[in-house]
Each structure stands twice: as C-alpha cells, then as structure tokens.
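Please look over the structure below together with its sequence. The report that follows takes up one residue and then turns to the place where two chains meet.

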Amino acid sequence: MSFLAPGFVAFSLLFAVPIAIHLIGRSRARPRKFAAIELLMRSDKRVARRTKIRQWLLLLMRALAIAAVPLVLAKPFIEAASDLPVAVGGAQSAVVVIDDSSSMSAERRGQPLLEAARGRARRIVEAMGADTDAAVVLASRGGGAPVPQLTADRARVERAIADVRPTYRATDITGALKRAAQILETASHPDRRVYLISDLAAHGFSGEVPWAAGRGPQLVAIDITDGSAVANRAIVDLKTEPAAHLGPRGVRVSVEVGNFGSEPLKDLAVTLRVDGKPVAKGLLDVPAKARAVKRFFHVFEHKASDAEIGVHDVAAELAGDVLPADDRRFARVEVRRDLRVLVVDGDPRTSRRDDEVFYLETALRPGDRDDSQLDVTTVSPDELSARRLADFDVVFLCNVKTPDGAALRDYVLHGGGLFIALGDNVDADVYDDALGNLLPQPLQAIRTVGATASDRDDGERRAAGDGQRLGRIDRNHPMLAPLGDAKAAEALEAARFSRYALFKPSAEAERAVPLRFADGAPALIESRMGEGRVLLWASTVDRDWTNLPIQPAFLPLVQQATRYLARAPMREPEPPLVVAQHHDIPLREGDLRVEVTQPSGRSRSFERDKVAGRKALGFDATDEPGIYRVAAAGKDGVMRPRREATFVVNVEAAESDPTPIDHETLQRLAVGGGAKTAAAPRRRVELWHSLGAILLVLLLGEALLLRRK
Amino acid sequence: MAQLLDPVALSRLANLELRARSVVEGALSGMHRSPHHGSSVEFAEHKEYSAGDEIKHIDWKAYGKFDKYYVKQFEQDTEMRAYLLLDCSASMGYQGAGVSKLDYARMLAASLAYLLLKQQDQVGMVAFGEKLRGYLPPRARSGHLNDLLTALDGVRAEGRTDLPRAIAYLSEVVQKRALVVVFSDLLGTQNDVRHLLRGLRARKHDVVVFHLLDKDELTLPFEGTTIFESMEDDQKLVADPSDVRKAYLAEMAAFIDGYRTGLSEGDCEYHLVDTATPPADVLLRFLTGAYRARNRGRRT
C-alpha cells in the first residue's frame, strides 16, 4: 500500500489516544459512598458481560476512527492487476475499439462479455485526461464507427459506448484497427492510442499488419476474458445433400459440432428440426478441442402446395451454452418436383443407337438414375397430337418434318419451354411457314462443312475437313454460366459440326445467341414468347450433323437447356449466407413490391425504384441468423410468398472458436506497425473512499452503541 | 410556610421540636384542620338521657325540638401506645442533594411523636443499628417529648443494620396492642423482615413502615466511571453508572415492589418516602392513609 500524502500517516498513531483516555479515566474514577451498593452489584453482575463487550467495542471503534482520519487524509492506494491500462490518464487522442461481434455475447460469470467490455470502455473514457479527444469504432465486420471522428465531447462518446449492442456479426479486428488508425491520422495530440477491448480471439485477426511500420498509434489490447477462454461448443457446419437411396426427396443432413472446451463432451444431444418441428435427435461424443459429425437422413413429404419446388427449413441445434448464438445452424432445402420432358422423335429407328433421340434421352436420364429429377416421355410426331402439351415442362422437337405450329405456339405462350433441333427432315421453308415467329430466327439454308453421318457411312470424305467448331460462348447467359469454366469451354469447343443451319436476319429484340460457331453463325438461339422460352439448335441432337452428342459437354448442355426452359434453377442453391453478408434476392418481371421477413419476425419492405424493372434486390439487413422469407406483389398488389427466394443466414462458424490470439502474434501485429502493447497493465486502486466510508460506519456504530446504553 | 416544609429548609431549624411542630402544622393544615381549634373529642350520635349521664352533655337544642333529653355521644377515647423504630445504620447516613435519610427519619419521627403526645398518646422509641442503640419506653407525660427529641438528636448513622433483632426486642417488650412505626431504608435487611413485621401485625399491632430512600438511590443519576463504596462494609464496585443504570433501576423497582407487596399482603402499611419530599406531605399521607381508616373510631 502506498500513500499520496504519506505525511499524514504518522498521525494514525493517535489511535492510542482513546485507549489512553480509557486507562486514565479508569484510574481517575471518583470514589463515592453509596448505600444501595448491593443492588448496584447485582445490576452490574447482570450487565457486566454485555457492558464489557460494548466497552471494548467502543474503545476499538474510537481507536479505529481516530486512526482512520489521518489515513483518509494520507490518501492510500494499492496497485493491482488492472482492467484499465496505467497510461489511460493524460491528454491523448484515442480510439476505443469495442468488439461487438457474435463471440462477445458469450457469458462469463453470468454477464455477457460485451457488457463487461462496455463497462471497461466507459471507465477508460472516464479515466482519460481532460484534454482528450476520442472516437469509437466497432470491431464486428461491417459494424461501423458510432463516433467516426475524434471529438472532445465526452458525453457523446459515453453515449455511443452505452448504445453498443450485441450483434451476430463476425469479428474483424484488423479492419477496425485500420479504421482507428485512419481516424487518428487527424489527431491533434502526439500521444495517439487505440484501446482494443475484445475477447482477443484469434479468428478476429486476419494476420495483416493494421498500420504502416513506425507510424501507427500505440495499441492497448484489453482482454475482456482476462485470459480465460470460454468453454464453448457449437454447430460449425450444417450440410444437406441428396440421399439417392431414399428417392428424390431424401436428404442427408450432416451436422458438424465443434468442442472448443478443454473437457470432452459425451452424449451431447443434437436435435434436427424441419420446418420448425423436431424430427430427429441424436447423441454425439466430441473430444476436447475437436470436432465430430452427426448425420441424419430425412425424407421430405410432397405437399400439394409445392407447385414446382418445395422449400424447407432445416435447423440443427444443441442445448444452450455460454454462447447460444452458435448452438443453432440453419439450412434451406429445395425439394423439386420432377421436370416432365416430352421428346418428339422425328426420325425414329429400330436400332436404338441410330435413333434421332438416343443421345438426347441418355443425356436427359444419365444412367437412368432415379434422382435425375427428369420425367422423360418420347413420342413420334404422329402421336404428338394425342398428347396434352400443357402436361409437360419442356418439349424437345427433334428433326420433325412438319411441326404443329399452332399447338406449339399456344404451349409456349402459356409458359412452356420448346427446344427445336434440326436434321435431315427439316425443310427451311416448311419450318418458317409452320412455326413462323415461334422460331427465334427464320431458317435460310443448311450449310455443310464436313462429312455427315451418311457420308461417313458411304465412306466419302469431303475436302472441307472435320467440320465447324463452336466459337463464342456467352458465359454470362444463365444457362451457360455453370459451363463457364475453362474445362467445360474446352469440352464444348472439342465438338465438330459438319452441317448446320443458317438463319435469315432478324430484328427480333427478345432474342439471344448464347452459342455461335467459329464463323460467327448462331449455333443456339433463344427467344421468349409470352410466358415461355424457345431454344433453336442449329444442328442435330444425334450424330448426323455433329459429334457433340458424344462429347462430355453434351450432357450438361442438355440438362442446363432443359432446366432453363423449365425455369428451374440453373445451378445448385447458393450456400447459406453469414450474418452481415450481402444478398441479391432474385426478382421476377412485374414485381413492384417485395417484403423480407427476418427470423425475429421483423419485416422490411422494398418498392418503387428498388424493385421495379430490376432483376435482383440487394439486401444487406442480414444481421441475425435464421430463415429469411420473401414475399412479392405485382400490379394487383397482393403479397404472395416467394418460397424459392427464401434464404438462410448463419453466424460465422469461426466466431465459435474462442481460442485467444497468442501474445507473440499480438505483439508482432502491433510492433510490426511500430507500436507497442501495454503489457500487464496495472491500475491504481484508491482506498481512501473506502476508508472514509469505514470511518462513517465507525462513527455511526459508536453513536448507536452509546445510544443503546 | 411552603418553604419551611421543604426538608432542606426544615433541617436548617436547629430545634427539632420546632421542626416537628412545623411539620405537624403543615400536615394538619393539609387536612383543613387546625390543632388550635379542634377538640380532643368528636360527636358521634344522640342517645336518650338516662341516670348517670353527664348533664353537660345534654343537647338543649334537641330538647327544644323533641321535648326529650338527649345526650351527645362522643367517640370513645382510647389510650394508644406508639413505638418509633429508627434505623441508625450507616446507610441511613447517605445524603444526596438534600438531607440525609437519618435526618429525614428523625424529623418524621419527631413530628409523629409531637402529634401523638399532643393527643395524650404514649410514645416510645427504639433506635437500632446492628445492635440496639437506645430505648425509651412509651410515656404520655408532657416532658416526654423532650426526652424523645433528645434521644433522636443523639443517634448517629453507623454500623450495619439488624432490623430483625430490633423487631424481636420489640416483640418482647410490647405487651398490649400498639402502633409500631419503622423508619428505615431497609437496605441490608433480609426478606424475613417482612415476615417479622407481618408477625407483629398478626399480633394485632398496627405496623407502619416508612421506607426512606434518597433521590440518588431511586434514580442513580451519576455520570462517569465511579468507584462505588459500601457504607456498611468494605465492598467496592467500579462501574460506569450509565452502563448499569437500566439494570439498577429494575433491581430497585423489584426491591421496592417486594416490600410494598409483601407488607401490604400482611396488612402492614407501607410508605415509600423519597427524602426530597416535604415531610409534612408524608405525614399527611400517613394521616389520611390506611391506618387512619382502620382506626376511624380513634382520635388520631
């Protein structure tokens, strides 16, 4: 213990005064003759013990009270391991960086870390010297800066600190330090400091040095956990994959649980919820500092309301622990109705390999698997009239001599998808007449640049060589986006075309050419009519005009074209988002108002220029984990749920790992910037307030004892 | 007059007889009777005249009304013996702010003797401490008051108390019915005193106890650590009165209550006397008290 005014300490010896007075008073007691001494003695006997205790207490209180007065004046203090840095006083320019990330919601000693961090930040600001300006920055990803510029307005800074709320965001300490350094560039004081108040978990540091060497501020890192990492357990991953053996509606759900504590977890209960209802529960053993996976299998029921796709919420959860935010994880599963495809075979053969649609059917049902999700029906042109086209999502018209233009136009106008493949049976004029504007571009002629199948059969060879190849591939087209990588493009370019159709010029606006031949002629043309789409393939779907059907690219191209025409998603569902991640919600034509309901039930509405005429709505309010539901309204103003647009947000899995950054790394990060950390901070604990309080209590106690006589 | 009735003021009067007379006059004036105009006989009732009755007692006014001779009947005179027992132990010498308990007892005893002798009653006196200090047999002659006052003047407060011995002595010497008046602080006495006094009462004696206590003894008003020394032996006690006051007052109340209850139950008359109280008030209280009521047929 030390004293600010040690001179007063000597006066504490005055505590002996009441003792001396007591002793002297006793020796100077006046003798008095008294007749009723017998009664007096009996009374004294009754109260002697109590009186003695009270007298000793009184003596002690008086001695302590007298000793306390000079001690209070001496202003004693001790230095203790501090939660405040020693150098917090004095004039300075400071940025208080508060970690408000998800991991700061963990409870320690019954109190969330963030609450302790707020308290610590407030005390730091209170302890700062009078001529100090300060700013406040949050260390969660995208958390911003409540006080973005240095200010001498202490009340504003304290208000901002008090208003910091826990978030589900990931930690970005490096980003926050960079921002702090930027703010301090305008500092008026030579003494520039950054007070980082965080759990200092390693996941918050990117490894990047936050400021240039030798020019950074002093970093004062304050570990709010006091070095004791939180024993957390969490669901760190939730995967859903098709389970083929359970049929098209079967899924395998893999729940990965991380144990970040030092004790192994035994029989940890993991619950699987589908659409909010618990459907399975499993027990899992997770060794200390390790991870384990629990797998569940589930078959979704087909509901009448699942018009096209069934969107289901899947959640896995653990019993709550110190950090409840990561004890649940969400996923979104789309269960599709099988797409119904009608293939019109314009050149059926008895030999299956020679059949016009052999390769097409094979591509539509690869390996004839159950999980292909395509229901393929093949008919001849004569049988087509007996079929109701509306029962199919996509119609492949393959080398059909005289197509029924009226039926097909009606089908496309009402949302059908039509794929037209050519062949030797196709006459350009007949097609132009029969299909008219259903064709994305009128046919002009057939161009032969190599040996066709019949030529090869005859053994003839044409001087033109192996034929034309594909040239330009529009990778921005949604149908071809999954084929956009170099390997897929190479596979497409390996195909050779000996014969293909040439088209008349067209001024049709609703037309796109995703694929072209090397000479620039269109290979695949897309157009839209009414609600439907049409794809016109300038060659055959068998090997008559091209070897594409035996190239690896044929299968994905056919699958993508089918899905595109059926308006099915072109690629696998996006992985779940993490909190604070931007998300583009796809919009449909005619959408005028969109409403997004967050997991907490709060809704956000978007309309006018944010929605109308756009293909996607940018959504940034992904600030809580869970299922986000989307509804949209068109001209009629009726809000309809858009199930396929439902998306899922999870907390960053890394936030669950409380492993603190090691001191060396922290030192390197800070020293790398030419700064230093305030190691092992100590604080001065002034005791005179407490002594003053004790003095008051002593005086009150003395008065009470005297009063009770 | 009122000032003269104050015990301190009375004590300044050198002559005990004068003090006694002041007290008695004060007491009787409180009863609205004057000793100078009163009569030693009191009218009781009328009775038809018969031979042998005193002619001077014939009520002529009644004769005028009823044409018959009626004789006034008066309360019967009785010769009464009174014994004054005066405690002269050292504790009676305690003197607080006013007079000592012994002085007060002397004054009260002298007053009573004066009053009784004035009524032609016989008054005797026993002064006692641990031993018998003095005895005056009861007499009613005119010079006896001087003897009593001289004896009262002569006693000193010293030694221990032995009231039972005094009572035992009295029991031996008193043969006829008598009034026994005790002046004592009763400190240092045992519980059997109550039995002995009740025994006297049982033998048809009238027993009156004046329990004399000083204000200091009743309130323990002292402050500061004090060495209390016994007045009758070597006992000492160092105590802060403020520490023991509450318990002492409880003890004192129980002590007084013990005597008050014990004596009342034995049909003895008990008077707690604070020596700060004017003696005339105490005498008046006695004269209007139980003894008086019990002896309504007598002249006192």
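In this predicted model, A:Leu592 counts as partly exposed, because 17 C-beta neighbours lie inside 10 Å, whereas a buried residue would need 20 or more and an exposed one would have 12 or fewer. A:Leu592 sits in the loop between strand S30 (583-586) and strand S31 (593-597) of chain A. Leaving aside residues up to four places away in sequence, A:Leu592 touches A:Glu607, A:Val611, A:Ala612, A:Ala633, A:Gly634 and A:Lys635. One of these residues, A:Gly634, is 42 residues from A:Leu592 in sequence, while the C-alpha atoms of the two are 5.1 Å apart in space.

The second topic is the contact between the chains. Here 27 residues of chain B are in contact with 22 residues of chain A. On the side of chain B that touches chain A, strand S8 (226-230), strand S9 (236-239) and helix H10 (241-265) of chain B each supply at least two residues, and the largest share, eight residues, comes from H10(B). The same side of chain B can be divided by residue class, as the table shows.

| Class, side of chain B that touches chain A | Number |
|---|---|
| Nonpolar | 14 residues |
| Polar | eight residues |
| Charged | five residues |

Strand pairing also links the two chains, since strand S2 (residues 30-34) of chain A is joined to S8(B) by five bridges, and the two strands run parallel. Within this pairing, A:Arg32 stands opposite B:Phe228 in S8(B).

Terms used
Residues are numbered from 1 along each chain as its sequence is written. Chains are lettered from A and ligands numbered from 1 in the order in which they are written. This is a predicted model: local features need pLDDT of at least 70, side-chain atom pairs count only at pLDDT 80 or more; totals for chains, interfaces and linings use all residues. Two residues are in contact if their C-beta atoms, placed from the backbone, lie within 7 Å. Helices (H or I, at least four residues) and strands (E, at least two) are DSSP runs, numbered from the N terminus. Ala, Val, Leu, Ile, Met, Phe, Trp, Tyr, Cys and Pro count as nonpolar, Asp, Glu, Lys and Arg as charged, and the others, Gly among them, as polar. Two strands pair if DSSP finds at least two bridges between them.
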